[in-house]
Every structure is written in structure tokens, then in C-alpha cells.
Amino acid sequence: MTQRQKALLSCAVAAALLLSGCRKGSSDSGSMSSSNAMSGSSGSTSTTQTGGWKTGLGILTEASDEARTGTIHTIAAAVLLDGDGKLADVMLDELEVEVTADGKGVVTMPTDYRTKRQKGGDYPLAAASSLKKGWAEQADDFADYLTGMTPEQASMLETDKDGKAVDADLLSGCTIRVDKYRDAVAKACTNASALGAAKGDRVSLGVEAENASSDITATDDKDVNAEVDLTVVALTLDADGRVTSAIGDMAEPALTIAADGGVTAPDTVRSKLELGDSYGMRNASSLGKEWYEHSEGYCSYLKGKTEKEVADIPADGSDADLAALCTISIDALQKAAGDAFENASL
């Protein structure tokens, strides 16, 4: 065989291999497009970027009592998992509410329902910290430390008896207790699902808390339920600040106050998403939906909207398109979503 014949044969083989590779690539691309179409993606670019990206929200609420004092403690975590299932972005927040009562059953509720992130410099951690860093800075350092980990790796983060990290690298930027933050992140990862987030998005978190108690004095005939309504919204936003996915949840922890001022905390507090069908709204709903379905409707309505467009959604039910999806009160959800946008811009 001449050199020219050998060269022609080599070119023919290379062309055949190239054609085979292109056919295989086309087949794989079609499979990926089909898979993402099932998850609600649309368009070739969205299909390429969205595959497997998931948004998750985890809420841990604990209530405790001691004599005439009760505490409601909530930690919320929003996570974005990439196509490999690793943590691409994390945001945390925390709320501590203390309720007291005197010997005559008079209840004192707090006047400040801001979270630690919302308080910013008003939460006096920086001055007492060996790092001279505030709560948000340290919580964000913890979140950054988790980025790139699998949910399993994050859930196995080692802490000491005080709940603080033992890893020296993490301690160089975060010396606050992180065991509950770790658990909230793990819960958010477990809850995560593909809702439209994609590569390049960032996750944000908003919390709205308010006093939901109607009585302030317990009597022999009637205890007081000192209730705090907590509404939490997780958003993912693209580079243009538009919502790509959203999750809304709510919890209603309540402490029971007796006439002698004794405080009793519930054993467990489950959010409305966790309660699911057992929350019992379906029969009372004009749409025949449970609370979590109304929340999903509201969250789906946010997709593609900017901060201003979300803020402009009327909370009085006059938006016919939203009313077809959700008829629950959205006032607290709107406020929590606004907080998430604000946190994303900081």
C-alpha cells in the first residue's frame, strides 16, 4: 500500500469515528432534553443548564420552657444543589423569641421579631467575638465552607460538645455554634427538588415573624396560647434578579401559659409543609387544595418576576391569575419574599 493510500485510509477511518461520535452526542442530547422536559424546563439553553439543579428549604423550630419563661427557637436554611448534587449555595437565618409570665398569668410577649440576619449590627455579637465578626458574617462563612460538599459530607460535619466546629479552617472564620445550622442544611438538602433553578443562580432566604396571640392574661378557666407565626421563603435568582424557583413554608409554634404563670412548650413543632395533608385545609378551600398546594401555587406565580414585580402583586386576592392558583392570605409570604430579595442584594 502506497503512502497516499495509507493517508486516504486514515482519513476515512477518522471521518467514520467522528460521524459515530456525533450520532452518539445527538442521542445523548435528546435523552437529556427529554429528562429535563419532565422536570419542567423549557428551551435548549435552559435544558442544558438546569439538569439536576435543586432548591431546598429546611426549618428547625424548637420550643422550651423553664418555670415562667418559654423560648421559641427557629433556624432556617435555604440551599441550592448543583447538577452533581453538591451544595452550590447556602443561606441561613435564626430567630429566638422569649415569652414570660408572672404569677397572675399575665403574659409578656416580645416587641422585636427580627431575625439575627435582620438585626445586623443590632445583634451584639461582633464586639464579643474573638474574630470581631457579626452573626451574618460568621453564618455566611459557615455557608461558604459547606459549598462544594455533598449533603452527606455536610451532615457529617464534626462539632464539639458545645456545638462548635472542630475544623481549624472553619474556626478561622466562624466560632459560633453550628450544629443546628448543619442539621437545618441537611434537612433542606433532603427536601430539595428541581423547581427551575439553574447554573449561575444564587439562593436567598427571607423570614417574617409576628405575634399571633390574642390574649395576654391566663385565667383559671382559660390558658393563653402565646403563638408566634413564622413564614419562610427561599428564592433562587438568576443574574438578572428574576425568580427561577421559590419555596414558601409556615410554622405556628405556641407556648401554653397557665393562670399561675407556668409555661408549657410543645414537644414538637412541624411546619405546614411538613404537616402536608394532615393540616386539614382542603375541605375548607374553595379550590379544594391543601395549604402546601396553595403555597406551591403562589411560588410558581413568582417565577420569572423581579423584586418590584413580586412586590407589586396585590395581597387582597384581586389578581385573577394568582387567585386561580392560591387563595390563602399571602401577606406574610410577600413580606418574607421581600426579605429574601433584600438579603440577596446585600
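In what order do the four strands of the open sheet lie? Before I answer, please keep in mind that what we are looking at is a predicted model, and that I will speak about it in those terms throughout.

The order is β1-β2-β3-β4, and the pairing between these strands is antiparallel. At the edges we find β1, which covers residues 54-66, and β4, which covers 107-108, and each of these two pairs on one side only. For those of you who are new to sheets, strands pair through backbone hydrogen bonds, and they can do so in either a parallel or an antiparallel way. Looking now at β2, residues 69-81, and β3, residues 87-101, we see that they pair in the antiparallel sense over 13 bridges. If you would like one position to locate on the screen, take Ile-75, whose bridge partner in β3 is Glu-94.

Let me now turn to the helix that lies across β1, β2 and β3, which is α7, residues 179-191, and which runs at about 135 degrees to β1. Helix α7 also contains Tyr-181, and this residue leads us to the aromatic rings.

How many aromatic pairs does a search of the whole structure find? It finds two. In one of them, the ring centres of Trp-135 and Tyr-181 are 6.1 Å apart and the planes stand at 90 degrees, so this pair is described as edge-to-face. Trp-135 sits in helix α4, residues 135-146, whereas Tyr-181 sits in α7, so that the pair links distant parts of the chain, 46 residues apart. Are these two residues buried or exposed? Trp-135 has a relative accessibility of 3% and therefore counts as buried, and Tyr-181, at 4%, counts as buried too, since the cut-off for that word is under 20%.

Tyr-181 also forms an aromatic pair with Phe-142, and this one is tilted, with 6.3 Å from centre to centre and 55 degrees between the planes. Because Phe-142 lies in helix α4 and Tyr-181 in helix α7, this pair ties together parts that are 39 residues apart in sequence. Phe-142 has a relative accessibility of 0%, so it counts as buried. Taken together, the ring pairs link Trp-135, Phe-142 and Tyr-181 into a cluster.

I will finish with another ring, that of Tyr-301, where Lys-305 lies over the face, at 3.9 Å from the ring centre.

Technical notes. Residues numbered from 1 in each chain as written. Predicted model: local features only at pLDDT ≥ 70, side-chain atom pairs only at ≥ 80, totals over all residues. Heavy atoms only, no water. Pairing = 2+ DSSP bridges. Contact = heavy atoms within 4.5 Å. Axes fitted to C-alpha atoms, helices over the stretch in contact; angles between N-to-C directions. Phe/Tyr/Trp six-rings, centres within 6.5 Å; stacked < 30°, edge-to-face > 60°. Buried < 20%, exposed > 50% of the residue type's maximum accessible area, 1.4 Å probe, protein only. Lys NZ or Arg CZ within 6 Å of the ring centre and 35° of its normal.
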